[in-house]
Amino acid sequence: CKILRCNSEYVAATLHLRGPDRSAMFCTALRSYSLCTRRTARTCRGDLAFHSAVHGIEDLMIQNNCSKEGPTALPQPRPPAPYPHGFESLDICDYERSFLYKHGRPPGFQHCAAFGDPHIRTFHDDFHTCRVEGSWPLLDNDYLFVQATSSPVAKGSNATVTSKLTIIFKNMKECIDQKVYQAELDNVPAAFQDGSVNGGARPGGSSLVIWERSPGRHVEIRADYIGTTIAVRQAGRQLSFSIRAAEEVARAFTEEQDLQLCVGGCPHSQRMSRSPHGRGRVPAETARALCREMLPVEDVYFQSCVFDVVTSGDTNFTMAAHGALEDARLFLSNVEKLHIFQ
């Protein structure tokens, strides 16, 4: 079965497409890719990568309005592999490229966020407001462990906020040494705990990097070896966490790792209503006016903003909801899922 050759020829043909003729050239490359798969169909009929490629081509043809009839690109010669095991060895620390090579299509991604009270947007687009106090795992899988520590938003309040985040990037073959990142209120560093800003001395160490977006307030961690990007922010007296993770990475856990707020949301006993009850520190109408300035769409981000401002009396919480929405705008592959209405 020569499906990997078809995949690599398609990657080579589309990797650097630019300019106004991109769509036409992309369709030409897809037709060539489809032709290559048909030529190898007999020997590949029991190969999962082959069937994945065939379905991927059909989807891409529809998405890009490509006709099945038309010119096909001539296969481009493959450059000599710099490593004895070829492309996969070269790109083992570039998840997106190696996935495209193996499956003939880009990977899917999922988004999770925790901000404010905390409010949790799960990988499945469920949305909960949690009462959780103490330390809870947001993620616990084969590649990542993320723990959020919460404390009361104000004395005597049931509402809590994230005051500490611990993120562990687990040791991975040629790519990275294990790295630990920790942020606390008024201490959002642009480095791992050992002082480094990347994945270490291994060949793929540069596939894990920290970028400082706003000094002491916003960092972004890119983990290209697992196709994952994480944003950590501080707004007011709370920390927020957002992640865009490859589906394969988000699902890489066992039954024992079942408590993950990003996967299952808050336990039922810890969920709160976002309707302001009783006497808040800021009148609800004042909070709504403040939140409307930052969040013109009255979705769950807006509702969360109102709840947080009423509960805490801290107007900086408008920035927490706004930052979470901006992260979602960047991290979600489907913009139609940006706003959640409840």
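In which sense do strand 1 and strand 11 pair, and over how many bridges? In this predicted model, strand 1, formed by residues 109-115, runs antiparallel to strand 11, and six bridges link the two. One of the facing pairs brings F109 of strand 1 opposite A246 of strand 11. Strand 11 returns several times below, and it offers a friendly way into the fold.

A look at the whole protein helps to set the scene. Its secondary structure comprises 11 helices and 12 strands. The C-alpha trace extends over about 70 × 45 × 40 Å along the principal axes. The protein has 342 residues, of which 48% count as buried. Among contacts with a separation of 6 or more, 57% are made by residues 24 or more positions apart. The exposed surface comes to about 17,100 Å², with 51% of it supplied by carbon and sulfur atoms. As for charge, there are 37 positive and 38 negative charges, and their mean positions lie 4 Å apart.

Strand 11 belongs to an open sheet of eight strands, whose order reads 8-9-10-11-1-2-3-12 and whose pairing is antiparallel. At the edges stand strand 8 (208-214) and strand 12 (271-272); each has a single partner strand, so one side of each is left without a neighbour in the sheet. Within this order, strand 11 sits between strand 10 and strand 1.

The pairing of strand 11 with strand 10 can be followed residue by residue. Strand 10, which covers residues 228-235, runs antiparallel to strand 11 and is joined to it by seven bridges. V232 has F241 of strand 11 as its bridge partner, while A235 faces Q238 of strand 11. Two residues separate these strands in a hairpin, and G236 in the turn has a positive phi of about 65°.

How much of strand 11 is buried? Eight of its nine residues are, so the strand is largely enclosed by the rest of the structure.

The interior can be described next. The largest nonpolar core has 46 residues, and L138, I167, F169, Y181, Y225 and F241 are those with the most contacts inside it. Strand 11, here residues 238-246, gives the most to this core, with five residues. Apart from this core lies another, of 22 residues, which includes V161, C291, V309 and L332. Y181 shows how such contacts reach across the sequence: leaving aside residues up to four places away, this tyrosine touches residues including L165, I167, F192, I210, V219 and V232. V232, already met as the bridge partner of F241, is thus also one of the residues that Y181 touches.

A further set of strands is linked in succession. Strand 4 (residues 134-140) and strand 5 (residues 144-152) are antiparallel and share six bridges. They form a hairpin with three residues between them, and G134 finds its bridge partner in S150 of strand 5. Strand 5 also pairs with strand 6 (residues 160-169), again in the antiparallel sense, this time over nine bridges. Here A148 stands opposite L165 of strand 6, and L165 is in turn among the residues touched by Y181.

Finally, several loops hold backbone geometry that deserves a closer look. Most residues other than glycine have a negative phi, and most peptide bonds are trans. Where does the model contain a cis peptide bond? The bond from D117 to P118 is cis, with omega near 15°. P118 is found in the loop between strand 1 and strand 2 (119-121).

Positive phi values also occur in residues that are not glycine. N65 has a phi of about 55° and lies in the loop between helix 4 (48-63) and helix 5 (87-90). Is N65 buried or exposed? With a relative accessibility of 70%, N65 counts as exposed, the cut-off being over 50%. D186 likewise has a positive phi, near 65°, without being a glycine. Its loop lies between strand 7 (179-184) and strand 8, and strand 8 is one of the two strands at the edges of the open sheet.

Conventions: Residues numbered from 1 in each chain as written. Predicted model: local features only at pLDDT ≥ 70, side-chain atom pairs only at ≥ 80, totals over all residues. Heavy atoms only, no water. Pairing = 2+ DSSP bridges. Helix = DSSP H or I, 4+ residues; strand = E, 2+ residues; numbered from the N terminus. Core = buried A, V, L, I, M, F, W, Y, C linked by side-chain atoms within 4.5 Å. Buried < 20%, exposed > 50% of the residue type's maximum accessible area, 1.4 Å probe, protein only. Contact = heavy atoms within 4.5 Å. Areas by Shrake-Rupley, 256 points an atom, 1.4 Å probe, with all protein chains shown as cover. Lys, Arg positive; Asp, Glu negative; His and termini not counted. Charge placed at Lys NZ, Arg CZ, Asp CG, Glu CD.
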